[in-house]
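Please look at the model below with an eye to the reasoning behind its labels. How does one get from a computed value to a word such as "buried" or "edge"?

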Amino acid sequence: MSRTLPDFTKTLKETDKGIFYRQRYTGTGAISVLTRGLANFNSVSAVATHDDGSIDEISGIYAMTKSGNENNFVVVDDSVNDKMFIIDRDSDKVCELALNGVTWSDAEEVSGYKDLTTGVSYILLMEFGDNSANRTTKTIYRFEEPTVTGSNLTVNTFDTIDFVYPASPTWSGGGILGDAEASFACPADGKIYIMSKRETRNFIFSLPIQASYTGTQTLTYEGLMHADVAEETGGVISPANAVAACISNGLDNVLVKTYNKVYQFFRTNRADTWNYIMTLSAPTEETNYVGRGSAPSQEPQGEAICFEHNDAGYFTISEFNGGSSVPFNYYPLTEFTIPEGSSDFTISFTQGVNGYTGHVDTYIDGATALRNTNYETAGTMIIDKQATTALERYSFETWNDLGTQFGASSSNVVVSEATISYYVFKEGQGQTWHEITTAGELDLTTMTYNTVDGTLLDSGNECYNLTEMGKWNGQDLYVGPITIALSANVIQSWIRETNSTTNRGWVGIGLHPSDGQQLSASNALGDDSLTRRPTLNVTYTLE
């Protein structure tokens with residue numbers, strides 16, 4: 001939401017469990033204002049008993065929001081493939097709900113949203129369960145939230161939205177087929193979000209919310225969910241098992257449920273979409289959740305979660321699964337807060353990790369026979385500063401598209417600290433890093449010693465800033481990891497850039513007069529190559 005404010009300055013902070021904002025409002029104009037922060041809940045305060053055997057495996061639940069439907073919930077039973085159910089706060093069945101002429105297979109989730117323009121409330125039935133990973137096309141059924149009368153309901157008007165996953169990434173077991181059970185829709189983002197279930201880190205996909213759809217839709221891959229969302233049993237981290245998710249009606253709090261835990265993501269700026277929040281921001285674990293275990297004190301296999309219609313709390317319920325009764329749990333809201341804590345947030349960029357693909361590195365070699373060779377695909381970067389040009393080598397790196405990782409907030413990023421981490425493969429005699437300033441062509445995928453003249457000159461001038469932006473003094477014969485401090489101002493300018501005129505990367509120049517080193521590259525070698533790739537670490541706030 002937005003409003004016009006008089007001249008004043010205000011500072012807001014979040015904790016280290018989330019993205020940190022220090023938003024400063026100055027002047028007048030329409031601005032995004034804080035709607036809420038972290039939702040704090042009490043432990044279970046009300047438990048209803050669910051023992052209706054006709055609703056045998058509840059895998060999804062959504063609190064209805066249309067006027068007159070409050071305190072009613074749509075649930076989906078993944079063992080019943082032709083109808084949904086509406087229950088009340090006591091978990092008693094109010095009526096059955098069917099889509100005219102539709103029989104679905106393994107609909108593991110139900111969610112919904114209110115159109116921010118028309119005010120119409122919609123239900124989304126997610127037919128995307130696929131335990132055997134053998135269905136290419138999955139389906140979303142979208143229909144207007146009906147009025148509950150107590151009689152069984154048949155919906156005649158609905159959208160059938162078929163979708164497939166993109167060609168990349170591949171799922172566990174290979175291929176592009178997989179199982180999903182968690183989703184939510186955010187009309188502020190204009191997206192329906194879907195999370196995979198069985199991957200060690202959940203894939204996050206999205207589909208734009210549109211008035212209508214034609215043909216089969218291909219989802220957009222948004223990245224990996226933050227690593228803190230993990231399933232843990234007996235101290236062993238196993239596939240994350242995201243089995244349910246929900247979003248508050250205020251649209252600024254998301255709960256993601258695994259079998260054992262509930263995690264909360266939250267935002268204070270609508271410009272930061274949920275794909276950005278869930279990939280980069282560490283969630284808060286909801287310690288009030290009862291956890292997995294025997295009923296009635298815990299949930300035998302809880303696969304459903306939803307916020308209350310007025311965000312006054314959230315609910316969880318377990319699969320009945322033909323056994324004894326299970327609880328319908330309610331966790332009341334205490335308050336929304338912006339907790340005190342560190343005002344800094346640190347993120348890391350590594351090629352191929354969390355969807356980041358903007359890093360390119362190479363080196364040039366002064367050996368006569370190698371002066372036309374490009375090393376962009378090499379596993380290491382070799383840096384030597386020798387007495388003869390035939391033996392000198394320089395490294396080059398670019399970190400592109402940093403600003404896009406921060407979304408609309410990139411122009412407000414204030415970097416307080418920046419470092420670069422490498423693995424030294426051979427030797428370790430030190431080097432300096434210098435920002436490239438040349439306006440000429442330095443394409444790291446094709447450049448060679450000859451194209452930059454070996455002397456790193458551009459029209460007779462150095463193509464880099466003589467003032468170093470980072471330095472490592474080195475250690476003779478050292479092999480292992482290193483982390484080097486970089487200029488925070490340079491990295492900040494790269495994040496804030498709107499085009500490629502500012503961010504041209506850096507050059508690495510050896511310090512030792514007759515020896516050098518080999519640093520890990522984006523194509524790093526070895527069994528643990530992913531952890532040895534160069535990693536850019538940025539600590540920042542938002543002004």
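Q: What makes the sheet β21-β22-β23-β24 an open one, and which strands are its edges?
A: In this predicted model, four strands follow one another in the order β21-β22-β23-β24 with antiparallel pairing, and the edge strands β21 (244-247) and β24 (284-285) each pair on one side only.

Q: How do you know that β21 and β22 count as paired?
A: Two strands pair if at least two bridges are found between them; β21 and strand β22 (residues 253-257) have four bridges in the antiparallel sense, and therefore they count as paired. Within this pair, Cys246 stands opposite Leu255 in β22.

Q: Why is Phe184 called buried?
A: The word applies under 20% relative accessible area, and Phe184, which has its place in strand β14 (residues 180-186), has a relative accessibility of 1%, so Phe184 counts as buried.

Q: What makes a residue a contact of Phe184, and which residues are in contact with Phe184?
A: Contact requires heavy atoms within 4.5 Å; leaving aside neighbours within four places in sequence, the residues in contact with Phe184 include Ala245, Cys246 and Ile247, as well as Val254, Trp274 and Met278. From C-alpha to C-alpha, Phe184 and Ser248 are 9.8 Å apart in space, although 64 residues separate them in sequence.

Q: How many of the chain's residues count as buried, as a percentage?
A: With the cut-off at under 20% relative accessible area, 55% of the 543 residues of the chain count as buried.

Note on methods. Residues are numbered from 1 along each chain as its sequence is written. This is a predicted model: local features need pLDDT of at least 70, side-chain atom pairs count only at pLDDT 80 or more; totals for chains, interfaces and linings use all residues. Side-chain values use heavy atoms; hydrogens and water are left out. Buried means under 20% relative accessible area, exposed over 50%, partly exposed in between (1.4 Å probe, protein chains only). Helices (H or I, at least four residues) and strands (E, at least two) are DSSP runs, numbered from the N terminus.
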